[in-house]
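Please open the model in your viewer and keep the selection tool at hand. The tour proceeds one selection at a time.

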Amino acid sequence: MTENLPLAGAQMLTAALADPAGAPSHPAIFLVLGVVTFALHIAAVALLLGSTGVAVYGGWRGGPHWQRLGATMAFTAKTSMAAAIVLGVAPLLFVQVIFDPFWYATSMLSAVWTLVFLAALLVSYLALYRANAVMHAHNGQSILSARAVFWLVVAFVLFIKCGALMHTFANQALFPTHWLEWYAPNGQIDASGRSLHYVLLPRFLFFISLALHVTAGWIYGLRRWVLSKRHVHNEDGLYSDFLEKVAFRLGQTGGVLVFVLGVIWMLMLPPEQQWFLSEPWPYVGLIPLLYFVALPYIQKRRRLCITCNYMGFVMSVIMTVVLAALREALRVGTLFESSGWNPFDMAVHWDVPSMAIFFVTFLAVGGTSLAYILSAAWTAGLETSGRAEAVWVPSAGHEKLGKWAAALLGIWVVAYFVVGAAVMLA
Ligand code: HEM
């Protein structure tokens, strides 16, 4: 029987795996950026799962309102996917800077699954595009045909698969004292990377369940937009009333679900993480959870307040940042307890050029591209809003933003190769 690695063993192993180059600036910067970008990633993932789920349900339920919402949400899913991927890369970079031995070890332990993740991601994205392509028009409205629903279901199942894999990688990284037992079960080395070792179901379901709530916040915004444009589009108020009901039900169910799953997760924390319960963190977590429960009722009372209707989504994202900070506290404490790892002890070798390249890329290239993708998703999704004949015409400002995004990306690609060649030849 293979023993778990004692703390000293885990300490030695992670110290040996640590990059001697250390961090290129103060670790606190990476910690904060990691939290914020993870929160944005998981919010985009939540919208992706929620919008795909609503689109599947809308296509299956049928009827003009469900069909219209379903078609709009199938479009929203496409752009949330782009945002989820772009915003997934950022926390990955930060994790690799300050928790590299852990991310490296978990990727090696389940190497084959990291490739399965990429394949599943690719196929799910294609399925989403296929679903949007096979929608057809009926009486001027986009219809989610049975084929479109089929492709949406394929995409949804694969998204869940991707999320489950991401969760397993992140979770395995937290338990260095188990790595030996996973790498060499019964003393026999298994270097195949074919196994997944540790899923903590309540934690995974907790993050997935954010989908209902975040999507409710999004639909509240959608309802407000439809309501304010109903004269322009010559509509009665029935569709916006329908949207409000859907958002209320999603928010109500999502709020309770996320609360219950949060409590179950805390009750089922493994022994290495029990320390968390005697700290103030889980109680701070009650703030976002109670907000999630309250959101639909706040929106009901404030149904005429324009800012409040749009703020529902923004506040959900802000509350997700709080949850991401607590998740990070759990990681920092767990790794310190089980392997003595403290990101603040990392050697700092200031590397100003690489930091400058990183921030310019992040803000200028990533910022303009994301601003274009998200604003296009919002305006195009709303203006066409399931109406087959509607064509989105970007405004002059949008056109300009798109050209800037493409130009900066082009300059960045050229600069990447020029700097690379200069370093190689120097
Ligand atoms: C459909 C696609 C995806 C889904 C459903 C998904 C879902 C998730 C979930 C549920 C978590 C939280 C895991 C946990 O803490 O237990 C997570 C974390 C994360 N995901 Fe994703 N994800 C997706 C795509 C991506 C992509 C494409 C990337 C990067 C290229 C990415 C990067 C990350 C990173 C870096 C973390 C945090 C890891 C850590 O802090 O240790 N994800 N994802």
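Donors of a metal are here the N, O and S atoms within 2.8 Å of it (3.2 Å for Na, K and Ca); water is not among the atoms, so sites may look incomplete. The model is a predicted one, in which local features need pLDDT of at least 70 and side-chain atom pairs count only at pLDDT 80 or more, while totals for chains, interfaces and linings use all residues. Residues are numbered from 1 along each chain as its sequence is written, and side-chain values use heavy atoms, with hydrogens and water left out.

**First stop: the iron atom.** Select the iron atom of the ligand and then His41, whose NE2 atom, at 2.2 Å, is the only protein donor of that iron.

**Second stop: the surroundings of the ligand.** Next, select the residues near the ligand, meaning those with a heavy atom within 4 Å of it. There are 23 residues around the ligand, and His41, His167, Arg203, Arg327 and Arg331 come nearest. By type, this shell holds 16 nonpolar, 4 polar and 3 charged residues. In this division Ala, Val, Leu, Ile, Met, Phe, Trp, Tyr, Cys and Pro count as nonpolar, Asp, Glu, Lys and Arg as charged, and the others, Gly among them, as polar.

Which helix supplies the largest share of the shell? It is α6, with 6 residues. Helices are DSSP runs (H or I, at least four residues), numbered from the N terminus. Those that each supply at least two residues of the shell include α2 (27-61), α6 (146-172) and α12 (306-339).

**Third stop: polar contacts with the ligand.** A polar contact is a pair of N or O atoms within 3.5 Å. Display Arg203, which has a polar side-chain atom 2.7 Å from an oxygen atom of the ligand. For Arg331, the distance from a polar side-chain atom to an oxygen atom of the ligand is 2.9 Å.

**Fourth stop: helix α2.** Return to His41 and select the helix in which it is found, α2. Is α2 largely enclosed or largely open? Of its 35 residues, 26 are buried (under 20% relative accessible area, 1.4 Å probe, protein chains only), so α2 is largely enclosed by the rest of the structure. After α2 comes Gly62, with a positive phi near 75°.

**Last stop: Ser316.** Finally, select Ser316 in helix α12. Ser316 is buried, with a relative accessible area of 1%. Its side chain reaches the backbone oxygen of Gly312 at 2.9 Å.

Conventions
Polar contact = N/O pair within 3.5 Å; in protein donor to acceptor, adjacent residues only side chain to side chain. Buried < 20%, exposed > 50% of the residue type's maximum accessible area, 1.4 Å probe, protein only.
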